[in-house]
Amino acid sequence: MTPRRRRTDPDGSVVFELSRRKLPVPPSGTTFYALAVMLRSRLARTGALVLSLLVFIALFADLLASDLPVACVLQGKVVLLPNVTREIQSAEGASLRIDPLVLYGPLQVTQDVLVPPTTRHPLGTDMLGRDVFARVVHGTRSVLLVGLAAALAFVALGVVLGALAGFFGGVIDTAVARLVETLSAFPTLVIALVVQTIVARPSVTTLLLAITLTRWTEVARIVRAEVLLASEQDYVTSARALGAGPWRVLVRHVLPNAVAPAFVAVTFGIASVVLVEATLDFLGIGVPTAVPSWGEALGEAREHADAWWLFLGPGLMMFLCVGSFNIVGEALRDALDPRLRESVRIDPSGLDALSSRASMIPPSSASFDPSSHA
Amino acid sequence: MTADPDKSRNLAVVDRVQKYFPVQSTLLSRTPTMVRAVESVTLRVRRGETLGLVGESGCGKSTLGRLFLRLLDPNGGRILYDGQDITRLAQSKLRPLRRKMQIIFQDPYSSLNPRMTVREVVAEAIRIHKLAKNRREEQAKIAALLEQVGLRADAMGRYPHEFSGGQRQRIGIARALAVEPEFIVCDEPISALDVSIQAQIVNLLLDLQETLGLSYLFISHDLKIVEHIAHRVAVMYLGRIVEQGPTDRVYDNPMHPYTRALLSAMPVADPTQKRLHALVEGDMPSAISPPPGCAFHPRCPRVLEGTCNQEVPGLIEATFGSEHRVACWNPLVEP
């Protein structure tokens, strides 16, 4: 990963040019280090940028598309962010109004049915005359929220059960192992389909439960292995020798050194949950939400195959969302993986391992050494 | 430093302890195969002394050290600390005793939690045993401990990875000293360090013994260092003690062929001196299926067929009152 250029000298010998670029050396702690390593790849930087953009859209959807202005003066009174507070129904007759990017809300029905993209409707309108841009922008929020909630739920369950199994072993370990084996046999989509069909009133909660039920197993397996590894370390023996109880050892010493993969799991988890949710919505058995999700929009677009703009917005967003989460997740995994990490050791002098000197310097003083944490 | 006459002279004792580890338990065999790491060992560490424990890698030294502290539960035998039997004591009941016995590790990289600052590492020891009334006192204690092991107080806020191996070893020692122990198991504390740093750490341990009256079980495979630091020495081979005695007696007059081989393999800074080579051939046998009789007999140059390969020799005092014991059917006598 260290930037290094290869060139051939006039005499035919191959020369490696050492980069003099200063590499980021974090002040302390290993989390910063992992992030620094991660962001050294251009792909990961792009992924992180797209991801931040999606989060921005989700947070500020109301400022991007709304039937009400961002701010205005109505009857001599200043009204701030009525599109968020909904304190007025209509901005009719308002002066000094600051409008959002697009003047339509996600649920607002207009007379313009199936209009191709124009300046008023940047992504056109659908068969009911709703603005596609507004629907996509507001859909981002619900998609990311459901994705994050589901990913956090199954990762939390996986971390807890995996840690207990790895740390205490014995009966708990066996029980968790059997559970993992059983549940891993069911694909998430099938379980989610079944649950959403048989439950009387399918909701976001039932969807979250269905996803959590099947997806925690993988996290539990990884965390269990990491916990076993961390429990072997001398600092754990030392804590026990000092008289620390099992819970203290687990929470203070083992878990902090074993949960790194859980962050990776959350990132990948969001991407996969977004896909599952979109699939269900596309099939029309998804979650009835006030604000349409991308999957639902795509499902509706099926019936109007000639209106290409109906696919463009939701499809592109889905692609960017799943793609960026996967890229960031992969980069995060590479940055946290101890075996890969060995090869990206940072030498603060700016030279790298090519100089024979590097191997003679004790690793602790010569380089920031993240491999000492598991 | 002076021994309390009311208390027993022996501080930490293991009495015929055994430790087996299961290596595999297949579906078909209900009884798993066992590694016999420690096989009926009796050792005593006296108050204020250093007992050196030497042997090859994998002979069970570290396991024995952990048994002394009951960081492992023995499969047989007894463990006593200061006259109290702690073999079956619950971990919660053991906690007050944990203050008195500590351990220092070989690998200074895995012995410190990478996510805790030096302050947190040392403070945890103080907090578990409530040795400071408030934050201020705790802070002062940590600073004093760091100074005692030769670290500057500004090390407190830093993380382990910012230190060298020797410095990390000092942090580990400060953590052990935080609970004011009397007995410390030093599990190869210098093997992972540079030679120049080794001397510093050994000297630090010697200073601490002098000022605090500590007792050490000093586990090492470096015979030179053990000769320097230990009052008595025990030689371990494949889970058993083969020779034991006052350091100068054992070094001057090794009676077990294995001890003799170890000592002759020790580098001597004298190019003119003739050395006996290749006294021992082959590798240490597996602890899963140790050879019958004396475990050393397949490699022993003095093996007596019919005896050594049939019966396990007992650890017997060579001359009455010498405290020099050897477990051998055909021991070497003074030349």
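1. A residue is buried if 20 or more other C-beta atoms lie within 10 Å of its own, exposed if 12 or fewer, and partly exposed in between. Let us put that to work on Leu320(A), a residue of helix H13 (residues 309-336) of chain A. Because Leu320(A) has 16 C-beta neighbours inside 10 Å, it counts as partly exposed. Apart from its neighbours within four places in sequence, Leu320(A) is in contact with Val50(A) and Leu54(A). With Val50(A), the partner sits 270 residues away along the chain, while the two C-alpha atoms are separated by 7.1 Å.

2. Before going further, please keep in mind that this is a predicted model. For chain A, the average pLDDT is 79, and 80% of the residues score at least 70. Over residues 338-374 of chain A, the pLDDT is below 50, and the model gives this stretch 59 contacts beyond near neighbours in sequence. Residues 22-29 of chain A also stay under 50 in pLDDT; here the model has 12 contacts beyond four places in sequence.

3. Now for the general layout of chain A. You will find 15 helices and 5 strands in it, and of its 374 residues, 42% count as buried. Among the contacts in chain A with a separation of 6 or more, 64% are between residues 24 or more positions apart. The domain assignment splits the chain into domain 1 (1-25 + 348-374), domain 2 (67-98) and domain 3 (139-341). Taken over C-alpha atoms, the centres of domain 2 and domain 3 of chain A are separated by 41 Å.

4. Chain A has an open sheet of 3 strands, in the order S4-S3-S5 and with antiparallel pairing. Strand S4 (77-80) and strand S5 (95-98) of chain A are at the edges with a single partner strand each, so one side of each has no neighbour in the sheet. On average, and ignoring direction, neighbouring strands of this sheet are turned by 20° against each other. If you want to look at one pairing, take strand S3 (residues 71-74) of chain A, which is joined to S4(A) by 4 bridges in an antiparallel arrangement. In that pairing, Leu74(A) is opposite Lys77(A).

5. Where do the chains meet? On the chain A side, 23 residues are in contact with 27 residues of chain B. Helix H9 (234-241) and helix H15 (363-366) of chain A are the elements that give two or more residues to this side. H9(A) gives the most, with 6 residues. By class, the side of chain A that touches chain B has 7 nonpolar, 13 polar and 3 charged residues. A word of care on H15(A): helix H15 (363-366) belongs to this side of chain A, and the pLDDT over residues 338-374 of chain A is below 50.

6. Turning to chain B, its open sheet has 8 strands in the order S6-S7-S8-S3-S9-S10-S12-S11, and the pairing is mixed. The edges are taken by strand S6 (101-104) and strand S11 (316-317) of chain B; each has a single partner strand, so one side of each is left without a neighbour in the sheet.

7. Strand S3 (residues 50-54) of chain B deserves a look of its own. Why is this strand described as largely enclosed by the rest of the structure? Because 5 of its 5 residues are buried. On one side these are Thr50(B), Gly52(B) and Val54(B), and on the other Leu51(B) and Leu53(B), so to speak a strand with both faces covered. S3(B) runs parallel to strand S8 (residues 215-220) of chain B, with 5 bridges between them, and Leu51(B) has Leu217(B) as its bridge partner there. S3(B) is also parallel to strand S9 (residues 232-237) of chain B, through 4 bridges; in this pairing Val54(B) stands opposite Val235(B).

8. S9(B) in turn is joined by 6 bridges to strand S10 (residues 240-246) of chain B, with the two running antiparallel. Met236(B) is the residue opposite Ile241(B) in S10(B). Helix H9 (residues 257-264) of chain B lies across S3, S9 and S10 of chain B, at about 105° to S9(B).

9. A last stop is helix H3 (residues 118-128) of chain B. Its buried residues include Val118(B), Val121(B), Val122(B) and Ile126(B), along with Glu124(B). Helix H4 (135-148) and helix H5 (165-177) of chain B are among the elements that cover the buried residues of H3(B). Just after H3(B), Lys130(B) has a positive phi of about 50°.

Terms used:
Residues are numbered from 1 along each chain as its sequence is written. Chains are lettered from A and ligands numbered from 1 in the order in which they are written. This is a predicted model: local features need pLDDT of at least 70, side-chain atom pairs count only at pLDDT 80 or more; totals for chains, interfaces and linings use all residues. Domain bounds come from an automatic or database domain assignment. pLDDT is the predictor's confidence in each residue, from 0 to 100. Two residues are in contact if their C-beta atoms, placed from the backbone, lie within 7 Å. Two strands pair if DSSP finds at least two bridges between them. Axes are lines fitted to C-alpha atoms, for helices over the stretch in contact, and angles run from 0 to 180 degrees between N-to-C directions. Ala, Val, Leu, Ile, Met, Phe, Trp, Tyr, Cys and Pro count as nonpolar, Asp, Glu, Lys and Arg as charged, and the others, Gly among them, as polar.
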